[in-house]
Amino acid sequence: MKNCLFKVCHAINYIITRKNPIKIHSPFLYNMYLNAYKTNYDIPNELLDYENKLKHSNEPLRFQSLGANKRFIETTISYWHRKISCSLNKRLFIIGLAQYFKTNKILELGGGFGFTSALLAMSNTDLEVYTIEGVDDLCKQLLKLKNRLKIDNLHVYNLEFDEAIDEFISKNIKFEIIIIDGSHTYEATLNLINKITKIIAPLSIVILDDINYSYSMYSAWKNIKKIDFFEVKIERYNYGLLIKNSNLSQQFLKI
Ligand SMILES: C[S@@+](CC[C@H](N)C(=O)[O-])C[C@H]1O[C@@H](n2cnc3c(N)ncnc32)[C@H](O)[C@@H]1O
């Protein structure tokens, strides 16, 4: 009930306080906006067919969940896919960002069934897409997808986020795009944002999903947008963007 009330207030506040994107002054940011929100990309049929099968699969799924609301889950693949997968528009938007940021490496923290990472990897075979999923059974699904569609540039890690980031730090691997779509709690989110500063490329963007998931996630976002490490912070309705670009001045936009 409390969370429903938060979501209604958040939605009203967002509608009242957001600015028209036409007010973005920086050409870098305005072109980013135009490019990423107008991405045209035909999703490969084999990926669409594979996802359609999962959407209708009544195969049982049992696991101990990670992130916010940790509990034992007993469900079906179709139900869980519906519950956790991100929207097609958001996936296309990330493809647009990958093009705009001339990306070599993308990291997705929270792979789920893997369709976002798979689509990104298939959109450009020169991209190296790393996806981290801590739940063994979901990671098995992700590996099945990778192997069935032979997506060689998709790298799947069955690890906790912290462990995966430590591995990237030790190997000095840097990413131009990092998607954070898991660990929906205040502390975990702030810790992750601080930790990823060690694996981020000089010109890069972080997508923090579900900032409207709960009051604590939005409080985390309110703190994150004060971090100077990222020059630009952009608030959208249900996600935040953090941009590292030393040519830009410190700024916050709600669009
Ligand atoms: C919302 S889902 C991801 C959906 C996916 N990004 C997509 O676009 O379809 C979040 C995933 O993050 C995983 N996760 C959450 N916290 C984690 C952690 N600390 N370490 C590893 N995986 C975690 C969960 O198991 C879950 O599958």
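Which residue follows H8, and is its phi positive or negative? Asparagine 172 comes after H8, and its phi is positive, near 55 degrees.

**View 1. The whole chain, a predicted model.** Local features are given at pLDDT of at least 70, side-chain atom pairs count only at pLDDT 80 or more, and totals for chains, interfaces and linings use all residues. Residue numbers start from 1 along each chain as its sequence is written. The chain has 10 helices and 10 strands (DSSP runs numbered from the N terminus: helices are H or I with at least four residues, strands are E with at least two). Along the principal axes, its C-alpha atoms fill a box of roughly 50 × 45 × 35 Å. The radius of gyration, taken over C-alpha atoms, is 18 Å, which agrees with the value near 18 Å for a compact globule of 255 residues (the rule is 2.2 Å times the number of residues to the power 0.38).

**View 2. The two sides of helix H8, residues 161–171.** Phe161, Ala164, Ile165 and Phe168 are buried (20 or more other C-beta atoms within 10 Å of a residue's own; exposed means 12 or fewer, partly exposed in between; C-beta atoms are placed from the backbone). Seen down the axis, these buried residues fall within an arc of 95 degrees, so they line one face of H8 (the arc is that of the directions from the helix axis to the C-beta atoms). Glu163 and Ser170, on the other side of H8, are exposed.

**View 3. What covers the buried residues of H8.** The cover includes strands S3 (105–109), S4 (128–132) and S5 (154–157), together with helix H9 (186–196). Contact here means C-beta atoms, placed from the backbone, within 7 Å.

Conventions
Two residues are in contact if their C-beta atoms, placed from the backbone, lie within 7 Å.
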